[in-house]
Amino acid sequence: MPTKTGSPFQTIPRNQIYCCICGGPFLEPSARDDESKDWLTRAVVLTTGHTTPDDATIKLDTFRSHPSVPFPELHPEHAQRRVLQFPAAYDERNGFPVVASGENAVAMDISMAGGHLYFPVHQLCYHLAQRFMDSQPVSRDTFQTQPGEEISSVKQLWEVLLHRMPSSRSQYILPEPHDYYGGAGCRNVYWEPDDGEPEYGELLEAAPMGMASITEDILKNLQPEAPEKPKAEIGINEEETVGYGQDWWCEALANKKPLPWLWDLDGELVREKKRNGGPWDWELLMRKLSRPEIHEPSDTTLNLPVGLRNRRRIWRCLEEARVGDTVS
Ligand SMILES: [Zn+2]
C-alpha cells in the first residue's frame, strides 16, 4: 500500500532516521554489531487511513504542508479514520520497506502537493507505547485530546507525533520537548554512539524489553530496614510515610500497580523474598523506583541494567507526551 511520495524535499540529505518515540537510531541489519541490537533494525511505520463508503476498502490519508499551518494538514478530512501500522525494515537509503508488501515508506516527508505521511518507530517502542496506553485508567479512542491529557490510544499518539512534525521540510528526527532525555550528542548526520556522549549511546542502543532477570535485578537494590537511617537523602518526606508499613510497600511492588513500566516483574518472587529474609526496607526501594529520573546514566540511586534504564526513559517520554508540546 505505501508508495514513494515524490516529494521535492527528497533532495535534503538524510543519512539517518531516528525513532519517533525513543529518539534512538534505526540500524540496517548489516550494520548492527551483535544480536542485542537487532531490535534497532525492526520498525513499524504509522500512518492513517479511512474506509471508502463505496467499496469499504481502506485508503491511506493524504497530508500536505502549508505555510500557514505549523504541522502537516490532513486533506481532505475523512470520517472513519484510523491509525494503520505496517511492520517494516530499514535500508541504507533511509527507506522503510514494508514487510508485507515490499513497498517503500518514505518517513517524515511531506510536500505542498500532498502525499502519505509515515512516522517510523521501533517495533519494541511501539509495544512499549501500547503497554503505556493500556496502563491508563481510561482509554479514549479518539484523535481529540483535552489540554494536558496523557495519551491513552494510538490515535492520540498519532496526534502527538503529527503536531511535532514541522510542515516546512522533511525530518530525520521529530522534535521532542525534552530532546528524548539524552543522546543528542550521538544523533549526528549518522548515528555515532561513541561520539561525545558514549553513556547515552549505550543507553539508547539497549533493548528496553526481553530482559531475563528483571525481578532479580530490581531486588538486588533491596536494603535491610534501618529506621535510624535518614530517608531525606533521596527526598522522602517522613510525614508522607505515616500509615504505610513495610508490608504495604512490598505488596505495592509485587502487584506493580504504582509502577506500570515494570509490568513483567515477578510478584511472586518479590513476596518470596519478603518471606525468606529481612526485614527489608521495601519503602526505600519503592521510593527510589518511583523517581522519574532513574534512567539517567549519571543517576546512582539504583543499580539497574541499562535496558531497564532505557525502558524508563522511553516510558517517561510517553508519560510526558502531549499534543502540541513542541509548539512554543
Ligand atoms: Zn524507538
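**Cysteines, the zinc site and helix α8 in a predicted model**

C250 has a relative accessibility of 2% and therefore counts as buried, the cut-off for this class being under 20% relative accessible area. The structure described here is a predicted model. No cysteine pair forms a disulfide, the total for the structure being zero. A disulfide is a covalent bond between the sulfur atoms of two cysteines.

Three cysteines take part in metal binding instead of standing free: the zinc ion is coordinated by the SG atoms of C19, C22 and C125, together with ND1 of H122. The coordination distances run from 2.1 to 2.3 Å. Along the chain, the donors follow the spacing C-x2-C-x99-H-x2-C. The angles subtended by the four donor atoms around the zinc ion are 99 to 120 degrees, and the arrangement is therefore tetrahedral, since four donors are classed in this way if all angles lie between 85 and 135 degrees. Of the coordinating residues, H122 and C125 are buried. For C125, the assignment follows from a relative accessibility of 0%.

Helix α8 comprises residues 306-319. At 1.5 Å a residue, its 14 residues should span 20 Å, and the C-alpha atoms at its ends are 20 Å apart, so the expected and modelled values agree. Twelve of the 14 residues of α8 are buried, and the helix is therefore largely enclosed by the rest of the structure. The buried set begins with G307, L308, R309, N310, R311, R312 and R313, and continues with I314, W315, R316, C317 and L318. These buried residues of α8 pack against three helices, namely α1 (123-134), α3 (198-205) and α4 (214-219).

Two further positions were examined, one in a loop and one in a helix. T52 is located in the loop that joins β1 (43-51) to β2 (58-60). With a relative accessibility of 8%, T52 counts as buried because its value falls under the cut-off of 20%. Leaving aside residues up to four places away in sequence, T52 is in contact with T57 and K59.

D247 belongs to helix α5, which covers residues 246-255. The relative accessible area of D247 is 53%, so this residue is exposed, the threshold being over 50%. D247 and R271 are 24 residues apart along the chain, and their C-alpha atoms are separated by 9.6 Å.

Conventions:
Residues are numbered from 1 along each chain as its sequence is written. This is a predicted model: local features need pLDDT of at least 70, side-chain atom pairs count only at pLDDT 80 or more; totals for chains, interfaces and linings use all residues. Side-chain values use heavy atoms; hydrogens and water are left out. Helices (H or I, at least four residues) and strands (E, at least two) are DSSP runs, numbered from the N terminus. The expected span of a helix is 1.5 Å times one less than its number of residues. Buried means under 20% relative accessible area, exposed over 50%, partly exposed in between (1.4 Å probe, protein chains only). Contact means heavy atoms within 4.5 Å. Donors are N, O and S atoms within 2.8 Å of the metal (3.2 Å for Na, K and Ca); water is not among the atoms, so sites may look incomplete. Four donors count as tetrahedral if all angles lie between 85 and 135 degrees; four count as square planar and six as octahedral if opposite donors are over 155 degrees apart and all others between 65 and 115; anything else is irregular. A disulfide is a pair of cysteine sulfur atoms within 2.5 Å.
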